[in-house]
Amino acid sequence: MTHELKVFVRDGKVFTSLTADFLPEVIPYQPPWNPHDDHDYAPDDSDAPLTPRWAYASRPWFPVVPLNPRFDGPIFECLNHTRFSLRTEVDAQGKHMLHRDIRGRWYELEKKLIWCQERLGAGMFVPWGTVLPSAPATFGYLHSHENAKLAIKVALRSRNAFLLIGAACTWHIMSRRYQGSNRPWMSVLTDDRECPIPAEWVLELSRSFVGDLSANVQRTGLFISSTHCPWEGQLPMFEHFSIPIWVHCAGDASVVDSMLHRYIPSHKVLISATDGLKWGQTPADGAWGHAGTWGSPENQRQHLDGGEPQAEPDLVWGDVPSVSLFPEPERNSGQLRGEDWQAFLARRREGNKKREEKETPAQRQVRLSRATSAGNQDLPAKKTTVFEWQPQDEFDGFRLRICITKNDVYSVWRKYSATTRVYDSFHNEWDLCDELDPTSVPDGDWEDEIFAPSPSPPPPALPPPPPPQPPSRSSFLQDIDRYFGQHEVASSSTYSHGVEHFVSTLSYHLGFQLAASTSVPRGRSATFESWICKMQWLHLCRLVGDVGTDVSTIPDAQKDIITCFIGYLVTLPTSGLPEMPSDLWDLGPERSLAVSNAGIRVSYMQLPQQRLYVIEPSLSASLVVWKLVVADAATAVMCLWRDWGSDITKIALNLLQKGIAFKTLQAMAVAPDARRPRTELRSYSPTYTLPPFKAVYADYVVYEQHRHEFMNQPRARAALLHGGLVWRLALHSFGFDDLPSVLEGISREAVPYGLMLLINDQTYFDDELSEEEVDFMCGTYYSYNNDGTMDKVSWWPRPQAWAASGLNVGFWSTRCEEWFQKRLDNIRQGVSRIHNTPVNDDNGPMTATRWKRSLKFNPGTNKMMKNVDAACSQYLADNATGENDFVVVAVRL
């Protein structure tokens with residue numbers, strides 16, 4: 001992997017990197033390096049793990065600590081606490097300790113992670129002197145304490161220690177992948193002889209910050225001095241996985257570690273970077289020639305006039321608010337009106353850099369001494385001014401920089417911690433702001449631990465305890481069951497919002513004339529007669545997508561005519577449709593189609609392999625910014641039959657409620673580079689497994705939970721526009737009541753990642769599912785066989801199988817809903833009775849071939865819909881006149 005060297009300059013120091021585009025806001029203190037005691041200088045730093053550290057030979061796992069960890073999912077959601085949500089209880093001695101429920105789950109997680117750490121590291125090369133992180137329990141969350149605040153303080157510090165254990169696991173996983181281990185790391189855990197871990201638990205671990213080595217999880221990284229690199233084998237691995245590495249280029253260029261020669265910039269590049277900084281051509285914290293992207297850099301405008309940059313509020317949609325909407329800053333605070341704390345600190349930092357350029361050596365020495373003294377003191381010095389950024393409720397929480405009086409400094413100071421205080425050595429001022437680190441714990445809560453002395457002599461030493469037993473398999477499954485139990489094959493209310501009844505299906509979807517003659521047509525073929533004799537009324541209802549519950553009022557004579565009508569659609573070839581009696585069918589040989597909705601017009605656009613139909617008002621401009629487009633001719637004709645008016649939103653909502661596919665193409669002019677590869681999106685793709693694959697309870701509920709999670713993404717509206725079974729699965733996760741929100745327009749992800757069509761030199765965009773996302777929605781698993789071939793099995797039929805099924809009538813019918821509820825019940829029964837036993841073939845995932853056999857039902861449905869679609873296409877091509885003129889437009893993909 002090739003990286004370009006970036007150069008950073010801050011406070012007169014030069015840093016370089018091959019893997020980072022930005023320098024962290026805070027550069028940690030660099031302790032003196034002692035080659036004899038290097039391992040003793042490496043603390044656990046469990047109280048502040050989310051910041052980059054200097055490289056230590058004994059802690060090679062420090063750089064892979066997650067920068068912004070998400071405590072979610074079945075494994076880590078038990079750690080999702082702040083100091084406000086942690087509960088405590090009082091023991092028999094009247095002391096406070098973490099609540100037993102939280103304490104028990106943390107201890108179980110600790111045992112599992114340590115077990116994973118040991119198994120992943122077994123048989124791997126580990127540098128000499130490596131010290132693995134201490135167990136979280138050693139930091140005291142299992143102990144009782146003098147008060148609740150102290151118990152919470154200790155619990156939070158212990159929670160941070162879980163990140164270190166996770167980082168050690170990540171380091172082992174990274175090492176296995178980099179060294180090309182013969183065994184995938186997941187199989188190391190699932191195939192362990194002593195304690196095989198369930199595959200679904202390991203799958204969740206791979207999707208967490210422990211196993212996800214992609215750019216989706218940012219890592220804290222590390223600093224290295226150019227004079228000494230403690231790792232020979234680790235540095236190339238970190239570079240390979242793009243772990244942020246910053247090298248401090250020491251003043252003596254003649255003393256450079258041989259591993260770090262690539263990090264030393266040439267004299268020309270160094271002069272260019274320092275000169276560019278001097279003339280304001282590059283930000284001090286950004287790479288020379290590169291924009292900052294690491295962490296959460298502030299957006300600042302670079303000023304070239306030598307003056308101090310003014311604060312620039314974040315860009316938002318709509319009008320930029322006037323400064324009159326902000327409170328008046330406190331006098332002598334230095335804050336500009338409308339300037340938030342981030343902009344103030346950025347402006348102050350730029351001003352300090354200019355002051356530093358004019359400093360004399362003596363002034364610099366005094367200032368650095370003052371900064372060192374301020375960092376070592378527990379409280380601010382008497383001559384130091386302290387400012388607190390206080391939210392103003394009447395201005396929506398906007399913060400003002402308020403000077404704290406000398407009498408209040410002590411009480412206010414204790415409300416903050418080292419990560420929420422910023423010292424300015426040029427002005428001799430402290431800024432206190434809890435938004436600097438919302439998860440920090442105030443110093444006032446971090447009291448010294450007090451353990452009561454033992455009233456009696458200590459008991460004699462006991463023999464060492466036996467080695468801990470590995471976690472039980474059931475404990476891993478409990479994590480899955482506990483987290484996904486609330487979604488346990490989630491039930492779904494029977495959908496009835498847009499369901500068509502039998503008569504409306506005949507009239508609007510098939511074109512049957514309700515006023516047809518009740519006399520039985522003559523001159524029918526032998527095939528037709530044979531079909532009529534075999535067909536039962538209930539079977540006919542199911543053939544057209546109805547369950548036959550609301551047809552009791554239809555007279556027998558009318559039933560005979562309807563049976564004949566469906567018989568023609570099923571038995572006639574497409575070329576023989578003109579033989580159908582004209583009084584039966586609106587689309588028959590003497591078409592009598594009456595356009596009920598004269599308020600709309602339909603045009604079509606011809607793609608290379610598909611024709612799309614555009615539905616828009618005929619007499620007035622559309623009230624929405626997108627175009628309603630359908631791919632099905634029968635749907636376009638149905639919109640002409642229906643009296644839905646000219647409101648495109650109302651028409652689209654009716655289609656959406658019926659599970660009919662359509663697009664909402666929105667015209668936009670965007671920059672050529674606006675399109676981005678879909679690999680930059682968070683992946684929601686099918687699961688890859690090794691054969692033989694046998695699904696268990698957790699497999700389905702994990703899939704279902706991930707589907708629920710996906711439907712919370714903005715672009716997931718594409719699943720509801722997809723129609724058919726994908727629409728119903730999306731509806732199962734999304735809910736019925738929020739359907740109208742889908743029509744609010746395309747998501748922000750549509751332009752860079754979605755569908756793009758170029759029509760008459762106008763670019764249109766819409767949200768669209770990728771092929772992998774469609775498979776994901778259907779619960780698909782990719783299983784690689786020993787011969788290199790791949791099988792696909794899915795909990796629900798994929799679109800190809802659904803399109804060829806006897807349930808596909810172009811909309812979500814009552815029979816589709818009946819089948820869906822039955823399938824859901826079968827899955828629930830098959831996977832929920834015995835959670836850890838593989839499901840049987842009928843209730844588990846199936847291949848496409850088996851799905852086609854399972855969904856075959858009555859083959860007459862496919863023949864019927866093929867003839868209806870052909871007739872609708874011909875009608876739209878032959879009879880477009882007047883208000884409903886069809887316009888051909890050229891389309892380029």
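1. Secondary structure and overall burial. The protein comprises 26 helices and 22 strands, as read from a predicted model. Of its 893 residues, 50% count as buried. The exposed area of the protein is about 43700 Å², and carbon and sulfur atoms contribute 52% of that area. Among contacts with a separation of 6 or more, 71% join residues that lie 24 or more positions apart.

2. The β1–β2 hairpin. Strand β1, residues 6-10, pairs with β2 in the antiparallel sense, and five bridges connect the two strands. Within this pairing, V7 has T16 of β2 as its bridge partner. Two residues stand between the strands of the hairpin, where D11 adopts a positive phi near 50°.

3. The second partner of β2. Strand β2 also pairs with β7, residues 245-249, again in the antiparallel sense, over three bridges. In this pairing F15 stands opposite H248 of β7. Strand β2 thus takes part in pairings with β1 and with β7. As for cover, β2 spans residues 13-17, and four of its five residues are buried.

4. The loop after β2. V26 belongs to the loop that runs between β2 and β3, the latter being residues 53-54. Is V26 buried or exposed? V26 counts as exposed because its relative accessibility is 63%, above the 50% cut-off. The C-alpha atoms of V26 and P52 are 8.6 Å apart in space, while the two residues are separated by 26 residues in sequence.

5. The setting of S333. S333 is located in the loop between α7, residues 267-278, and α8, residues 341-357. The relative accessible area of S333 is 1%, so S333 is classed as buried, the limit being under 20%.

6. Polar surroundings of the S333 side chain. Which backbone atom lies 2.8 Å from a polar atom of this side chain? It is the backbone oxygen of E330. On the other hand, the backbone nitrogen of Q335 is found 3.3 Å from a polar atom of the S333 side chain. Both distances, 2.8 Å and 3.3 Å, fall within the 3.5 Å limit for a polar contact.

7. Contacts of S333 beyond its sequence neighbours. When neighbours within four places in sequence are set aside, S333 is in contact with F344, F387 and R401. The buried S333 therefore combines polar contacts to the backbone of E330 and Q335 with contacts to these three residues.

Methods. Residues are numbered from 1 along each chain as its sequence is written. This is a predicted model: local features need pLDDT of at least 70, side-chain atom pairs count only at pLDDT 80 or more; totals for chains, interfaces and linings use all residues. Side-chain values use heavy atoms; hydrogens and water are left out. Buried means under 20% relative accessible area, exposed over 50%, partly exposed in between (1.4 Å probe, protein chains only). Two strands pair if DSSP finds at least two bridges between them. A polar contact is a pair of N or O atoms within 3.5 Å; within protein, one must be able to donate a hydrogen and the other to accept it, and residues adjacent in sequence count only if both atoms are side-chain atoms. Contact means heavy atoms within 4.5 Å. Accessible areas come from the Shrake-Rupley method with a 1.4 Å probe; for residues, only the protein chains shown count as cover.
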